[in-house]
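Q: Please take a close look at one part of this chain, chosen for what its surroundings can show. Describe that part in detail, and then set it against the rest of the fold.

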Amino acid sequence: MNDDSGTTVLVVDDEPDILDLLSSALRLSGFDVLSADSGTAALAAAARRAPDIVVLDVMLPDMDGYTVARRLREAGNDVPVLFLTARDAVQDRIAGLQAGGDDYVTKPFSLEEVILRLRAILRRAGAEGEERAGRLRCADLELDVDAHAAQRGGEQIWLSATEFNLLHYLMLNEGKVLSKRQILDRVWAEADGRSDRIVETFISQLRAKIDTQGPSLIRTVRGVGYSLRAPGQPS
């Protein structure tokens, strides 16, 4: 049984029917719901009352959802974001991750899927809070798990909640080869029903953020999975 009472969701969509349907379904599931029908209204709502998670449509009348997510991040708000998108192309998923998204649902969607995705993101964020402590280091990459911050070579790196959880898992297992299935089960949980491709997408996104700052740390072990290793560390 899921207890979502006290969890605040900000739902953002410019289509009244979808906004009402999502808001009603989430309230019936026990969530506290805030709603907005534009990017400007969403940013204002998040500023008035910080939500625990945001369901964010990509296509909005005044600005796209990616811009809304980026502005939230620029304001120092690292709230998890679930994008609603009418397209399932790889470039659209990558754009969402670059903007700070944690997951996406493609329209048309089922209400059950949206709720399951929300709970999975919240579960991952909660697991992070329970398990992380202190600091982790690999070469010049440092993860401050208490402050939920990462830096490499002294340069701050912004990570979404899911990217942080993925990097945390890799750093906890530094030097070990982790299969896609291991990563999927630990970072996304088996109930998500995701394929291995989401692991590939997030690994690619994580590399773009940390491996451009110095020698590559995330290594692909062909046919097996991935490993985080310091330069010079044997494969």
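A: The part chosen is helix α8, in which Ile198, Val199, Thr201, Phe202, Ile203, Gln205, Leu206, Lys209 and Ile210 are buried. The model is predicted. Helix α8 covers residues 197-210, 14 residues in total. From its first C-alpha to its last, α8 reaches 20 Å, close to the 20 Å expected at 1.5 Å a residue. As a general point, an α-helix has 3.6 residues a turn, so residues three or four places apart point the same way. The buried set of α8 includes Thr201, Gln205 and Lys209 as well as Ile198, Phe202 and Leu206.

The surroundings of α8 include a small sheet. This open sheet of 3 strands is ordered β10-β12-β11, and its pairing is antiparallel. Strands β10 (178-179) and β11 (218-221) stand at the edges with a single partner strand each, so one side of each is left without a neighbour in the sheet. Helix α8 packs on this sheet and touches β11 and β12, its direction making about 145 degrees with that of β11. Strands β10 and β12 run antiparallel and are joined by 2 bridges. Ser179 stands opposite Gly225 in β12.

Helix α8 also takes part in the largest nonpolar core. That core has 31 residues, of which Leu143, Leu170 and Ile183 touch the most other members. At least two residues of this core come from each of β6 (135-138), β7 (141-144), α6 (161-172), α7 (180-188), α8 and β12 (225-228). Ile183 shows how these elements meet: leaving aside its neighbours within four places in sequence, Ile183 is in contact with Leu166, Tyr169, Leu170, Leu178, Trp188, Val199 and Tyr226. One of these partners, Val199, is a buried residue of α8. In soluble globular proteins, nonpolar side chains tend to be buried together.

Two other contributors to this core, β6 and β7, pair in the antiparallel sense over 4 bridges. They form a hairpin with 2 residues between them, and Ala139 in the turn has a positive phi of about 55 degrees. Cys138 has Leu141 in β7 as its bridge partner. The side chains of β6 alternate: Leu136 and Cys138 are buried and point to one face, whereas Arg135 and Arg137 point to the other and are not buried.

A second core lies apart from the largest one; it has 21 residues, among them Val12, Val54, Val68 and Ala99. One of these, Val12, is in strand β1 (residues 8-12), which pairs with β2 in the parallel sense over 5 bridges. In that pairing, Thr8 has Asp32 in β2 as its bridge partner. Helix α2 (residues 39-48) packs on the sheet and touches β1 and β2, with a direction at about 165 degrees to that of β1. Helix α1 (residues 16-28) lies across β1, β2, β3 (53-57) and β4, and runs at about 170 degrees to β2.

The sheet to which these strands belong is open and has 5 strands in the order β2-β1-β3-β4-β5, with parallel pairing. Its edges are β2 (32-36) and β5 (103-106); each has a single partner strand, so one side of each is left without a neighbour in the sheet. From one strand to the next, the twist averages 20 degrees.

The structure holds 1 aromatic pair. This pair is formed by Tyr66 and Phe83, edge-to-face at 5.2 Å centre to centre, with 75 degrees between the planes. The pair links distant parts of the chain, 17 residues apart: Tyr66 is in helix α3 (residues 65-74) and Phe83 in strand β4 (residues 81-85). Both residues are buried, Tyr66 with a relative accessible area of 10% and Phe83 at 2%.

A further link returns the account to α8. The C-alpha atoms of Ala95 and Gln205 are separated by 9.9 Å, although the two residues are 110 residues apart along the chain. Ala95 lies in helix α4 (residues 90-98). Because its relative accessible area is 22%, Ala95 counts as partly exposed, whereas Gln205 is among the buried residues of α8.

The whole chain gives the setting for these details. It has 8 helices and 12 strands, and 53% of its 235 residues count as buried. Of the contacts between residues at least 6 apart in sequence, 58% join residues at least 24 apart.

Notes. Residues are numbered from 1 along each chain as its sequence is written. This is a predicted model: local features need pLDDT of at least 70, side-chain atom pairs count only at pLDDT 80 or more; totals for chains, interfaces and linings use all residues. Side-chain values use heavy atoms; hydrogens and water are left out. Rings of Phe, Tyr and Trp (its six-membered ring) pair if their centres lie within 6.5 Å; planes under 30 degrees apart count as stacked, over 60 as edge-to-face and the rest as tilted. Buried means under 20% relative accessible area, exposed over 50%, partly exposed in between (1.4 Å probe, protein chains only). The expected span of a helix is 1.5 Å times one less than its number of residues. A nonpolar core is a set of buried Ala, Val, Leu, Ile, Met, Phe, Trp, Tyr and Cys residues joined through side-chain atoms within 4.5 Å. Contact means heavy atoms within 4.5 Å. Two strands pair if DSSP finds at least two bridges between them. Axes are lines fitted to C-alpha atoms, for helices over the stretch in contact, and angles run from 0 to 180 degrees between N-to-C directions.
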